[in-house]
Amino acid sequence: MTFQVYDTTLRDGAQREGLSYSVVDKLAVARLLDDLGVGFIEGGWPGAVPKDTEFFRRARTELDLRHAVLVAFGATRKAGLAVSDDPQVRGLLDAGTPAVALVAKADLRHVERALRTTAEENLAMVRDTVTYLVAQGRRVFVDGEHTFDGFRHDPGYTAAVVATAMAAGAERFVLCDTNGGMLPSQVTAAIEDLAARTGVAPERLGMHAQNDTACAVANTIAAVEAGVRHVQGTANGYGERPGNADLFAIVANLQLKLGMPVLPEGCLEQMVRVSHAIAEIANIAPDTHQAYVGAAAFAHKAGLHASAIKVDPLLYNHVDPAVVGNDMRILVTEMAGRASIELKSRELGLDLAGHPEALSRVTGRVKELEADGWSFEAADASFELLVRSELPDAAPARPFALESYRVLVEHREDGAVVSEATVKIRVRGERVIATAEGNGPVNALDEALRSGLARHYPELREFELADYKVRILEGSHGTGAVTRVLVETAGAGRDWTTVGVHPNVVEASWHALVDALTYGLDKAGARLNA
């Protein structure tokens, strides 16, 4: 039986706190999921949610899906109402999708307390709705809400719901861990018992797991190992409470660990791109430590790791990062040894292997600076400048020589707080004095420095301060604490991060700013000469 990868980012994933997709967003996410090669995309609940109704209307003309089938989500008919008279069932048909997903109560307690109907009527609701939609030419998936909790409470009744849906013509019955409380061994036992009670083969069942025990992906894999051949998940694990099973981790595990080709050929390598693009649309910062797709998923910090990676990257990577569209990174920290420094330098396009003395100097310098609170693992630009300073050609030079700088903060009578900075520098033999105001000391210092350099380095017009972070280092206390500053700069189609450390936050910022401008000018091809 064909394996089915079913995405519910646009419906269940959209229930994440703080997340709201527009119709345009939903269309864009659907295209990305199709690029990934999922088999089914659940678009939402037409008739119940106006935005979803509009999405399905526009999808008919604006979505040209290559891999996926669009699915409309709804519920079984209401108790006591003929299925042909139920407006939300009519909404499912009006959506015009080839497939529909029905949520059905699989826990007798929910039937009696939430639906306030009888066990027999609930079974009739399932049977009638599935039969009706199949007769209308729709592929039907039934999501058994609270399947596992219901099975624990009354296994006979939950089994009857499964058997009824499948007998009525459902393509798959999806076992839902709605409360997210299951563990892998419990999932396996429940599937084996349900299959035995109902006579429904495990491959005709599906798995939908919430992540309340942090086991959603593990529970899904356990279900597949028990014979299930339909898995549901959301991009980046988005969803209500702690979220849903992360679809990216699911498909990567199935393909790379179990050898199951669940995506079309060439699609798995789109995973990082799709993950980050959906995060951007959702306006949620990507999780750098997310399995497979996170920026830190294949980042190595310990020198011992780097020594082995230098021989064979797979000695410390569980898969080749490229197969999911990711990259391996070497982090430069106080834990780094010569191998880490050499590999990181090579990653930045600098060859230290042929300069053993420079390699030793850089390694020693990094350890000294890290002991004083510097950190280069998030500041590649500062690290590259450090390496370059130890190479035989000792390039690049600084774009200026500092004579002095001064920063003033003025609290004015009208309540306004304004910072003013003055820098005195030497640029290509010329003494330059520049003054500027800013909304803070660092902003004023940045503006004054740029003003003083602008005539000699017009490339600076393309640079802008994109982000500024300050951290009080561990073990430091009070107003005399040592601070670490990270400055992110953007310009000329790229961005870079630099670091500065000092007990005085302005001086720490100055170090980071100077590195930022030096690095940017060098990459822009400017001739650096103080």
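Helix 17 (residues 505–523) lies across strand 14, strand 15 and strand 16, where contact means heavy atoms within 4.5 Å. Its direction is at about 150° to strand 16; axes here are lines fitted to C-alpha atoms, for helices over the stretch in contact, and angles run from 0 to 180 degrees between N-to-C directions. Helices (H or I, at least four residues) and strands (E, at least two) are DSSP runs, numbered from the N terminus.

This is a predicted model, in which local features need pLDDT of at least 70 and side-chain atom pairs count only at pLDDT 80 or more, while totals for chains, interfaces and linings use all residues. Residues are numbered from 1 along each chain as its sequence is written, and side-chain values use heavy atoms, with hydrogens and water left out.

Now to the sheet under that helix. Its three strands form an open sheet in the order 14-15-16, with antiparallel pairing; two strands pair if DSSP finds at least two bridges between them. Strand 14 (464–472) and strand 16 (494–502) are at the edges with a single partner strand each, so one side of each has no neighbour in the sheet. From one strand to the next, the twist averages 15°. Strand 14 is joined to strand 15 (residues 483–491) by eight bridges, and Asp-467 stands opposite Glu-488 in strand 15.

Strand 7 (residues 205–209) has a parallel partner in strand 6 (residues 172–177), with five bridges between them. Leu-175 has Met-207 as its bridge partner. Five of the five residues of strand 7 are buried, so the strand is largely enclosed by the rest of the structure; buried means under 20% relative accessible area, exposed over 50%, and partly exposed in between (1.4 Å probe, protein chains only). Leu-205, Met-207 and Ala-209 cover one side, with Gly-206 and His-208 on the other.

Next, a helix pair. The axes of helix 3 (residues 87–94) and helix 5 (residues 119–135) come within 11 Å and cross at roughly 30°. The two are therefore roughly parallel (angles under 35 degrees; over 145 is roughly antiparallel, 65 to 115 roughly perpendicular, the rest oblique). Val-89, Arg-90, Leu-92 and Leu-93 in helix 3 meet Thr-129, Tyr-132 and Leu-133 in helix 5.

Finally, two loop residues have a positive phi although neither is a glycine:

| Residue | Phi | Loop | Relative accessible area |
|---|---|---|---|
| Arg-116 | about 55° | between helix 4 (108–115) and helix 5 | 72%, exposed |
| Ala-214 | about 60° | between strand 7 and helix 9 (216–225) | 64%, exposed |
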